[in-house]
Amino acid sequence: MIKPLLDEVQTRVLHAFQAVFSGVDSIEVTPSTQEKFGDFQCNSAMRLAKQLGQSPREIAQKVDLKLKEDSYFSFCEVAGPGFINLKLSDEVLLTRCVLM
């Protein structure tokens, strides 16, 4: 059975955080509130700033670089004080549609 899409995105974003920062055990990814921001967004950099001792934007920028290595996403960007906006690749969307 195929993993629910939000769970898959959350797992991939968590792995990106963990690759950059040890000790991160949870993050939160939500569907975007507006289409112009992509498919999903993550504001966990703001929540983790104090724990990691860096500004939310610095955290988000480091994670964003890691996420850009993942072909699952066609677009990743840091916005505002530390949001990470994500857009799924066409290949992922096509595969999901075919499997459903």
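**View 1. Strands β2 and β4 meet side by side in this predicted model.** Strand β2, residues 40–42, pairs with strand β4, residues 83–88, in the antiparallel sense, and three bridges join the two. Two positions help you find your way along this pairing. Phe40 stands opposite Leu86 in β4, and Cys42 has Ile84 of β4 as its bridge partner.

**View 2. Strands β3 and β4 form a hairpin.** Here the pairing is again in the antiparallel sense, over six bridges. Three residues lie between the two strands, and Gly80 in the turn has a positive phi of about 55°. Ala79 stands opposite Phe83 in β4. Farther along, look for Cys76, which stands opposite Leu86 in β4. You have already met Leu86 as the residue opposite Phe40.

**View 3. Four strands make up an open sheet.** Reading across the sheet, the order is β1-β2-β4-β3, with antiparallel pairing. β1 (29–31) and β3 (73–79) each have a single partner strand, so these two stand at the edges and one side of each is left without a neighbour in the sheet. From one strand to the next, the twist averages 25°. Helix α3, residues 56–67, packs on this sheet and touches β3 and β4. The direction of α3 makes about 170° with that of β3.

**View 4. Asn85 sits in strand β4 and is buried.** What is the relative accessible area of Asn85? The value is 2%, and because buried means under 20%, Asn85 counts as buried. Leaving aside residues up to four places away in sequence, Asn85 touches Phe37, Phe40, Gln41, Phe75, Cys76, Glu77 and Ala79. Some of these neighbours will be familiar: Phe40 appeared opposite Leu86, and Ala79 appeared opposite Phe83.

**View 5. Helices α2 and α3 cross.** The axes of α2 (residues 44–52) and α3 come within 8 Å, with a crossing angle of roughly 105°. That angle makes α2 roughly perpendicular to α3. Which residues make the contact between α2 and α3? On the α2 side they are Ala45, Met46, Leu48, Ala49 and Leu52, while α3 contributes Pro56, Ile59 and Ala60. Remember that α3 also touches β3 and β4 of the sheet.

**View 6. Helix α1 has a length that agrees with its residue count.** This helix runs over residues 5–20, which makes 16 residues. At 1.5 Å a residue, α1 should span 22 Å, and its end C-alpha atoms are 23 Å apart, so the two values agree. To see which positions of α1 are buried, pick out Glu8, Val9, Val13, Leu14, Ala16 and Phe17.

**View 7. Tyr72 and Phe73 form the one aromatic pair of the structure.** A pair of aromatic rings is described by the distance of the centres and the angle of the planes. For Tyr72 and Phe73, the centres are 5.6 Å apart and the planes lie at 80°, so the pair is edge-to-face. Are Tyr72 and Phe73 buried or exposed? Tyr72 is buried, and Phe73 is buried too.

Technical notes. Residues numbered from 1 in each chain as written. Predicted model: local features only at pLDDT ≥ 70, side-chain atom pairs only at ≥ 80, totals over all residues. Heavy atoms only, no water. Phe/Tyr/Trp six-rings, centres within 6.5 Å; stacked < 30°, edge-to-face > 60°. Buried < 20%, exposed > 50% of the residue type's maximum accessible area, 1.4 Å probe, protein only. Expected span 1.5 Å × (residues − 1). Pairing = 2+ DSSP bridges. Axes fitted to C-alpha atoms, helices over the stretch in contact; angles between N-to-C directions. Contact = heavy atoms within 4.5 Å. Parallel < 35°, antiparallel > 145°, perpendicular 65-115°, else oblique.
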